[in-house]
Amino acid sequence: MSNEELDATGKAEAIKTLVGKSFVPTTKYNNEKQNTKAQLDAYNALKAEYDSFKESKMTDEEKQAKQAKQLQEQYQKQNLTISRMYAENVFAKAGFKEDDYSGILESIIQEDPEKTKTLAETICNTMQKQKKDIEKAITDKIIKGTKTPPAGNDKGSEPEGDLEKYKKLYAEAQKKNDFGKMAYYTRLVQEAQNKNEE
């Protein structure tokens with residue numbers, strides 16, 4: 001039968017059959033839930049009564065020791081919070097995102113905030129150095145793999161380019177027996193050579 005054909009009781013029976021022995025009626029579940037809550041409330045009441053009775057029987061020294069322990073725990077908790085803030089601040093100032101340092105944050109937080117800060121700075125500096133080294137290695141690899149353009153020269157200096165140009169022009173003037181241009185280009189060749197020697 002479909003859900004439309006079943007009335008509320010029929011649906012409950014169908015579910016009960018489907019679930020089998022694991023089926024717990026709503027009323028029984030609600031009763032158990034209330035019983036559990038009542039038992040928990042009774043336990044908490046007894047515990048509070050026991051704690052107050054125990055505290056009333058404590059000596060002044062025991063009360064002071066308990067208070068000192070609570071203060072020490074509070075102090076430690078505050079120091080850990082400050083340490084976390086110091087470490088996060090160091091990483092954030094260095095430009096790291098939370099994803100970059102979240103994996104190591106818990107392992108560097110110590111009770112002493114100054115030690116935590118120093119440790120965070122050391123790790124941060126190491127991470128930045130590694131980042132720079134990797135960037136430099138990549139840049140060097142790219143530059144090393146780049147070929148010199150065909151029309152360029154090894155040194156890339158402008159005077160040597162002029163020298164080659166003047167030598168070619170001198171050779172052309174020599175072929176044409178143009179003594180005026182030959183003299184002119186001879187002077188330019190010598191000036192370009194002098195510049196290269198400097």
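Helices in this account are DSSP runs of H or I covering at least four residues, and they are numbered from the N terminus. On this basis, Asp41 and Lys37 both fall within helix H2, which spans residues 26–56. The two residues are four positions apart, or about one turn of the helix. The model described here is a predicted one.

The secondary structure of the chain consists of seven helices and zero strands. Read from the N terminus, the order of elements is accordingly α-α-α-α-α-α-α. The chain has 198 residues, of which 13% count as buried. Its accessible surface amounts to about 16800 Å², and carbon and sulfur atoms contribute 53% of that area. Among contacts with a separation of 6 or more, 54% are between residues 24 or more positions apart.

Six salt bridges were found in a search of the whole structure. One of them joins the side chains of Asp41 and Lys37 in helix H2, with an N to O distance of 3.3 Å. The two partners fall into separate accessibility classes. Asp41 has a relative accessible area of 41% and is therefore partly exposed, whereas Lys37, at 54%, is exposed, because the exposed class begins over 50%.

A further salt bridge links the side chains of Arg84 and Glu106, at 2.1 Å from N to O. Arg84 belongs to helix H3 (residues 60–93) and Glu106 to helix H4 (residues 98–108), so this pair ties together parts that lie 22 residues apart in sequence. Arg84 is partly exposed, its relative accessible area being 29%. Glu106, with a relative accessible area of 53%, is exposed.

In helix H7, Arg187 forms a salt bridge with Glu191, and the closest N and O atoms of this pair are 3.0 Å apart. Because Arg187 and Glu191 are four residues apart in helix H7, about one helical turn separates them. Arg187 is partly exposed, with 42% relative accessible area, and Glu191 is likewise partly exposed, with 37%. Elsewhere in the chain, salt bridges with shared partners connect Arg84, Glu88 and Glu106 into one network.

Helix H7, which covers residues 179–197, also contains Thr186. The relative accessible area of Thr186 is 31%, so this residue is classed as partly exposed. Thr186 and Leu169 are 17 residues apart along the chain, and a distance of 9.6 Å separates their C-alpha atoms.

Charge is also grouped on the surface. Glu111, Asp112, Glu114 and Glu121 gather there in a patch of negative charge. Within this group, Glu114 is located in helix H5, which covers residues 113–145. Glu114 has a relative accessibility of 45% and therefore counts as partly exposed. That value satisfies the accessibility requirement for a patch, because residues enter a patch only with over 30% relative accessible area and no salt bridge.

Conventions: Residues are numbered from 1 along each chain as its sequence is written. This is a predicted model: local features need pLDDT of at least 70, side-chain atom pairs count only at pLDDT 80 or more; totals for chains, interfaces and linings use all residues. Side-chain values use heavy atoms; hydrogens and water are left out. Patches are made of residues with over 30% relative accessible area and no salt bridge: like charges are joined within 9 Å, nonpolar side chains (Val, Leu, Ile, Met, Phe, Trp, Tyr) within 5 Å. Accessible areas come from the Shrake-Rupley method with a 1.4 Å probe; for residues, only the protein chains shown count as cover. A salt bridge is a side-chain nitrogen of Lys or Arg within 4 Å of a carboxyl oxygen of Asp or Glu. Lys and Arg count as positive and Asp and Glu as negative; His and the chain ends are not counted. The place of a charge is taken as NZ of Lys, CZ of Arg, CG of Asp or CD of Glu. Buried means under 20% relative accessible area, exposed over 50%, partly exposed in between (1.4 Å probe, protein chains only). Contact means heavy atoms within 4.5 Å.
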